[in-house]
Amino acid sequence: MESGKSALIVGAGPGISMAFARLLTSRRYTVVLVGRNPSPTLSADAESFGARVMRADATSAADMARVFDDLDGRGATPDVVLY
């Protein structure tokens with residue numbers, strides 16, 4: 001059962017952002033991690049607990065608009081954003 005809440009973590013890496021993503025998925029949030037160049041390891045780790053990874057540059061307004069448009073289109077407008 002999903003909580004219906006979603007989270008976006010921008011600048012995702014293996015440390016705090018991954019730990020926060022794990023916590024949120026354990027609380028039934030839909031989680032998307034965004035990184036400029038997410039590593040295959042980060043992607044595999046995220047997928048192992050149900051998070052999704054997207055490639056985007058946080059300094060690019062067009063990239064971030066694409067991320068938010070994607071989330072909005074999936075009905076997953078973020079309730080929580082960590083940058």
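Arg28 is partly exposed, with a relative accessible area of 48%. That value falls short of exposed, because exposed means over 50%. The model is predicted. Arg28 sits in the loop between helix 1 (16–26) and strand 2 (30–35). Its backbone stands out too: phi of Arg28 is near 70°, a positive value in a residue other than glycine. Most residues other than glycine have a negative phi.

**The sheet**

Strand 2, which follows that loop, belongs to an open sheet of four strands. The strand order is 3-2-1-4, and the pairing is parallel. Strand 3 (52–55) and strand 4 (80–82) stand at the edges. Each has a single partner strand, so one side of each is left without a neighbour in the sheet. From one strand to the next, the twist averages 20°.

Strands of a sheet pair through backbone hydrogen bonds, either parallel or antiparallel. Here, strand 2 and strand 3 run parallel and are joined by four bridges. At Gly35, the bridge partner in strand 3 is Arg55. Helix 1 packs on the sheet. It touches strand 1 (6–10), strand 2 and strand 4. The direction of helix 1 makes about 165° with that of strand 2.

**The salt bridges**

Side chains of opposite charge can pair when their charged atoms come close. The structure holds two salt bridges. Both are listed here with the distance between the closest N and O atoms.

| Salt bridge | Closest N and O atoms |
|---|---|
| Asp70 with Arg52 | 2.7 Å |
| Arg74 with Asp70 | 3.0 Å |

What does the pair of Asp70 and Arg52 tie together? Asp70 lies in helix 3 (residues 61–73) and Arg52 in strand 3, so the pair ties together parts that are 18 residues apart in sequence. Strand 3 is also one of the edge strands of the sheet.

Which residues do the salt bridges join into one network? They are Arg52, Asp70 and Arg74, joined by salt bridges that share partners. Asp70 takes part in the bridge with Arg52 and in the bridge with Arg74.

How exposed are these side chains? Asp70 counts as partly exposed, at 25% relative accessibility. Arg52 also counts as partly exposed, at 27%. Arg74 is exposed, because its relative accessible area is 53% and the cut-off for exposed is over 50%.

Terms used. Residues numbered from 1 in each chain as written. Predicted model: local features only at pLDDT ≥ 70, side-chain atom pairs only at ≥ 80, totals over all residues. Heavy atoms only, no water. Helix = DSSP H or I, 4+ residues; strand = E, 2+ residues; numbered from the N terminus. Buried < 20%, exposed > 50% of the residue type's maximum accessible area, 1.4 Å probe, protein only. Pairing = 2+ DSSP bridges. Axes fitted to C-alpha atoms, helices over the stretch in contact; angles between N-to-C directions. Contact = heavy atoms within 4.5 Å. Salt bridge = Lys/Arg side-chain N within 4 Å of Asp/Glu carboxyl O.
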